[in-house]
Amino acid sequence: GLSGGIDSCVVAAIAAECLGPRNVTGVAMPSPFSSEGSLKDAELLAKNLGVEFQVIPINDIYHSYLRTFGLDQKNITIVEENLQARIRGNILMAISNRTGALVLSTGNKSEMAVGYCTLYGDMAGGLAMISDVPKTMVYEIAGYINRDREIIPRSSITKAPSAELRPGQKDTDSLPPYDVLDRILKLYIEEYASVQSII
C-alpha cells in the first residue's frame, strides 16, 4: 500500500532494493480524505524506484460501508477512520491472493507501540518491515535512501505525518511529536524505566 507517506515510501524503497523493482508493486488507494499531493508523491516514488504502480480509489466502497452502517460522513470518528484502513487491507490481501504476492505492512514501532494502527487494516500483511523502527529513525533511513539522489520525494519527508483518514488530520492530533514519543518509548520499552522516572 503506497500512500505517499514516509513509512510506505521507505518500505517500498527497501523492498525494491532487496527484491528488485520488477518484483514490487505499489498500490495507492485514495479515499475522500487523501490529499492530491500524497497521491502524486506515491506516483513519483514508484517512478523513481521503477516499480509497478496501481491506483485503486476506495471512495465508492467507503460510501457503501457508510450507507450499510447508517454512518454520517460529516461526523468522522474512529469507526469511519478504521473502515478506510480495513478496506485498503482487504484490497491488498485480495491482490495477494490473486497474484501470490506478499503484502508488506508499513507500520513503524512508534505507531505499533501506542496502538496508532488498525487491526485488519494497515496491520494486514505477511511481513512488517519497519515494525521495530521508531518513526524518527524512519526519517533517518529516508535520508540515507536519498543520499545520492532524490528517490523518496522531498515532500513525503517534509510534510506533517498524517493518516489522512479525516479532514485536516495530523498524527499530533492524537500523539505527542515523534521526537518526544520515541524518547518515551525507548525509556519504557527498551530500558524498562518506570512511568514515574520517565515523567
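This dialogue reads one helix pair and two buried side chains in a predicted model.

Biologist: Where does helix α1 lie in the sequence, and at what angle do α1 and α6 pack?

Modeller: Helix α1 covers residues 6-19 and helix α6 covers residues 135-145. Their axes are 10 Å apart and meet at an angle of about 50°. An angle is called oblique when it falls outside the parallel, antiparallel and perpendicular ranges, the last of which runs from 65 to 115 degrees. That makes α1 oblique to α6. The crossing of the two helices is left-handed.

Biologist: Which residues make the contact between α1 and α6?

Modeller: A contact is a matter of heavy atoms within 4.5 Å. On the α1 side the residues are I6, D7, V10 and A13. On the α6 side they are K135, V138, Y139, I141, A142 and I145.

Biologist: How many of these are nonpolar, polar or charged?

Modeller: Sorted by class, the contact of α1 with α6 holds eight nonpolar residues and two charged ones, with no polar residues.

Biologist: What span does α1 reach, from its first C-alpha to its last?

Modeller: The expected value comes from a rise of 1.5 Å a residue. For the 14 residues of α1 the span is 20 Å, close to the 20 Å expected. After the helix comes G20, with a positive phi near 90°.

Biologist: How many residues of α1 are buried?

Modeller: The cut-off for buried is under 20% relative accessible area. Ten of the 14 residues in α1 are buried, so the helix is largely enclosed by the rest of the structure. They are I6, D7, S8, C9, V10, V11, A12, A13, A15 and A16.

Biologist: What do the buried residues of α1 pack against?

Modeller: Besides α6, they pack against helices α2 (36-49), α5 (109-114) and α7 (154-158), and against strand β3 (104-105).

Biologist: Turning to single residues, is E81 buried or exposed?

Modeller: The same kind of cut-off applies, under 20% for buried. E81 has a relative accessibility of 13%, so it counts as buried. E81 sits in helix α4, residues 78-99. Setting aside residues up to four places away in sequence, E81 touches I76, L165, R166 and Q169.

Biologist: Where is Q169 placed, and which residues is Q169 in contact with?

Modeller: Q169 is in the loop between α7 and α8, the latter being residues 178-190. Its relative accessible area is 3%, and Q169 is therefore buried. Leaving aside neighbours within four places in sequence, Q169 is in contact with E81, Y116, S162, A163 and E164.

Methods: Residues are numbered from 1 along each chain as its sequence is written. This is a predicted model: local features need pLDDT of at least 70, side-chain atom pairs count only at pLDDT 80 or more; totals for chains, interfaces and linings use all residues. Side-chain values use heavy atoms; hydrogens and water are left out. Axes are lines fitted to C-alpha atoms, for helices over the stretch in contact, and angles run from 0 to 180 degrees between N-to-C directions. Helices (H or I, at least four residues) and strands (E, at least two) are DSSP runs, numbered from the N terminus. Angles under 35 degrees count as roughly parallel, over 145 as roughly antiparallel, 65 to 115 as roughly perpendicular and the rest as oblique. A crossing is left-handed if the near helix is turned anticlockwise from the far one by less than a right angle, and right-handed if clockwise. Ala, Val, Leu, Ile, Met, Phe, Trp, Tyr, Cys and Pro count as nonpolar, Asp, Glu, Lys and Arg as charged, and the others, Gly among them, as polar. The expected span of a helix is 1.5 Å times one less than its number of residues. Buried means under 20% relative accessible area, exposed over 50%, partly exposed in between (1.4 Å probe, protein chains only).
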